[in-house]
Amino acid sequence: MSETSPSPEKNAALMEKIVSLCKRRGFIFQSAEIYGGLNGCWDYGPLGVELKRNLKEYWWRKNVQENDNIVGLDGSILTHQEVLKASGHVGGFSDPMCDCLLTRARLRADQIDPQSGVAYCYTGASHEESGWSIEREYAVLLKEGQDENKARKTARLYFSQFLTDKQISPKKIELAGERTEEVRESTRFNPENGSLLTEAREFNLMFKTHLGASADEADESAVAYLRPETAQSIFVQFKNVLETNRVKLPFGIAQIGKSFRNEINPRNYTFRSREFEQMEIEFFCREEDGMALTDEWLERRLAFYEEIGIPREHLHILDVPDGERAHYSRKTYDIEYEFPFGIQELEGVAYRTDYDLSKHREHSKKPLEYFDEEKKEKFIPHVVEPSAGCDRTVLALLCEAFDEETITNEKDKEETRVVMHFSPRIAPVKAGIFPLLKNKPELVKKARQVENLLKPFMTVFYDETGAIGRRYRRQDEIGTPYCVTIDFDTIGENGDDLIDTVTLRERDSMRQQRIPISDLRNFLLEKIH
Ligand code: ATP
């Protein structure tokens, strides 16, 4: 994506193209598609899984492998209920909630004062001139003495959210099927504006399960949860890691793994899913270093995004203001990306103080202090947490990489080239390998040799069907940074000068160069590292 288009229609069309390419080429499929799909869940196809693995491996290398003071962990997904009671996930957000259909304000259903009056009910709306219409039940409650035009105005505003042409004024919308109904002591309407609310639902986002063969639904002691974040197992294993690894403050524990949240409204492709992967580091430190380390981690994370091909200018940093941060956090930055559907969070970098370890010490009654040998001090460390979403980063990589270029082809005709400009280190396939002709055994044999030379070191794709130009386009569309063609020069048919050399074509510039087969592996390894 070279630039974020200002028009919502263009952005929606762009997103559609990306989604369709992902399906067509096997990056991402909807989970259980043949059964109608499992909402909020996605399967990564052959190319998607390579892309995701490359991202995770690079994150691991940069954070764990290349840092002396960060170690890894792979905690269980099934989580002890006491862990999540201590962290505040159980019991914390389990109230029945409903949303205002007009403003999307979320209200505690049990705190809405019952109201009486006349409900103005509608079945939909339309706009004659543009041919737009919608069928949807909606209602507005008017209290005694309120003007009926207020109900119509509110209803028009509600239906205007669904207009495809945002230039149309809500005033121009025709309401359909108006009828009135006496309402007594109802909690179905927003007391602030009379708008209908959604049905009340439990707002605990965690997936609950029961452990054991004889698990009985009523047996509370068998309850476990699918973890809603990877962070908690890090806190819970803090002492074990400390005692087995001779680590000294400041140090981090990193984890990549699945998390689960029963999101009420999964949307924007994979952006808000119910099952997703996180890449988190809990970086433990002394209190006096917490604020500075938060800024330092923000910079490190921004550099990481640049290294995988998401430039700084497409990222936004939100310094989350007081009152909007989690109550225990002294500083939080949200790193946001310009997705076609809006600027949205990719990662949070939060200074969580000593809140988590203190809570687990309190609930488990186990000592979770750190002992500083030099200063002879014992204390609960503070923690800075860079917490990134793997799926959201994959989505950002796909959006960033997607491009449609107009180029002049070999026949001097203009054509559209769909190309994914993935950085070579992230690209799912590193090189396409093509024998010029498939019916020439010497070419095929040599191409297979080149394939075997590279295969143990990187993902390559052998392709012998169709014209070379077509083969290039197929690789451009999936973001393969290099293509290697084995031709008559390679097998010495045009003399000895170019024997055992191949044509190497670079995806973005489309430039071609001649390179000896013996240099190929190192050349590519350097580019994709
Ligand atoms: P949001 O406000 O978007 O729900 P959050 O602030 O609740 O996100 P965190 O709890 O801070 O998210 O989780 C850290 C990271 O995990 C997020 O920045 C995001 O990349 C990822 N993440 C969280 N929820 C989801 C989800 N439902 N689907 C995909 N990724 C998610």
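How many bridges join strand β26 and strand β27, and in which sense do the two pair? The legends below walk through this predicted model, starting with that pair of strands.

**View 1. Strands β26 and β27 lie side by side.** Strand β26 covers residues 482-486 and strand β27 covers residues 501-506. The two pair in the antiparallel sense, over four bridges. To find your place in this view, look for Thr-485, which stands opposite Thr-503 in β27.

**View 2. Five strands make up an open sheet.** Step back from the pair, and you will see the order β25-β24-β26-β27-β28, with mixed pairing. Strands of a sheet pair through backbone hydrogen bonds, and the sense can be either parallel or antiparallel. At the edges of this sheet are β25 (460-462) and β28 (512-516), each of which pairs on one side only. On average, neighbouring strands here are turned by 25° against each other, direction ignored.

**View 3. Three strands form another open sheet.** Here the order is β4-β13-β12, and the pairing is antiparallel. Why do β4 and β12 each have one side without a neighbour in the sheet? Both β4 (78-80) and β12 (208-210) stand at the edges with a single partner strand, so one side of each is left without a neighbour. From one strand to the next, the twist averages 45°. Three bridges hold the place where β12 pairs with strand β13 (residues 223-226) in the antiparallel sense. Among the residues to look for is Lys-208, whose bridge partner in β13 is Tyr-225.

**View 4. Arg-227 sits in a loop.** Follow the chain to the loop between β13 and α5 (231-236), and you will meet Arg-227. Is this residue buried or exposed? Arg-227 counts as buried, because its relative accessibility is 3%, and the cut-off for buried is under 20%. Ser-259 is a helpful companion to find in this view: Arg-227 and Ser-259 are 32 residues apart in sequence, but their C-alpha atoms are 5.5 Å apart in space.

**View 5. Ser-273 belongs to a loop and also meets the ligand.** You can find Ser-273 in the loop between β14 (251-260) and β15. Ser-273 is buried, because its relative accessible area is 4%. Its side chain reaches the backbone oxygen of Thr-270 at 2.8 Å. The backbone of Ser-273 has a contact to show as well: one of its polar atoms is 2.8 Å from a nitrogen atom of the ligand.

**View 6. The ligand and its closest residues come into view.** Which residues come nearest to the ligand? Of the 15 residues around it, these are Glu-263, Arg-272, Ser-273, Glu-345 and Leu-346. Arg-272 places a polar side-chain atom 2.8 Å from an oxygen atom of the ligand. Glu-345 also offers a polar side-chain atom, which lies 2.6 Å from an oxygen atom of the ligand. On its own the ligand has 590 Å² of accessible area, and the protein covers 78% of that.

**View 7. Strands contribute to the shell around the ligand.** Look here for β15 (275-285), β18 (342-353) and β21 (382-389), each of which supplies at least two residues of the shell. The largest share, four residues, comes from β18. Sorted by class, the shell has six charged, five polar and four nonpolar residues.

Key
Residues numbered from 1 in each chain as written. Predicted model: local features only at pLDDT ≥ 70, side-chain atom pairs only at ≥ 80, totals over all residues. Heavy atoms only, no water. Near = heavy atom within 4 Å. Polar contact = N/O pair within 3.5 Å; in protein donor to acceptor, adjacent residues only side chain to side chain. Areas by Shrake-Rupley, 256 points an atom, 1.4 Å probe, with all protein chains shown as cover. Nonpolar A, V, L, I, M, F, W, Y, C, P; charged D, E, K, R; others polar. Pairing = 2+ DSSP bridges. Axes fitted to C-alpha atoms, helices over the stretch in contact; angles between N-to-C directions. Buried < 20%, exposed > 50% of the residue type's maximum accessible area, 1.4 Å probe, protein only.
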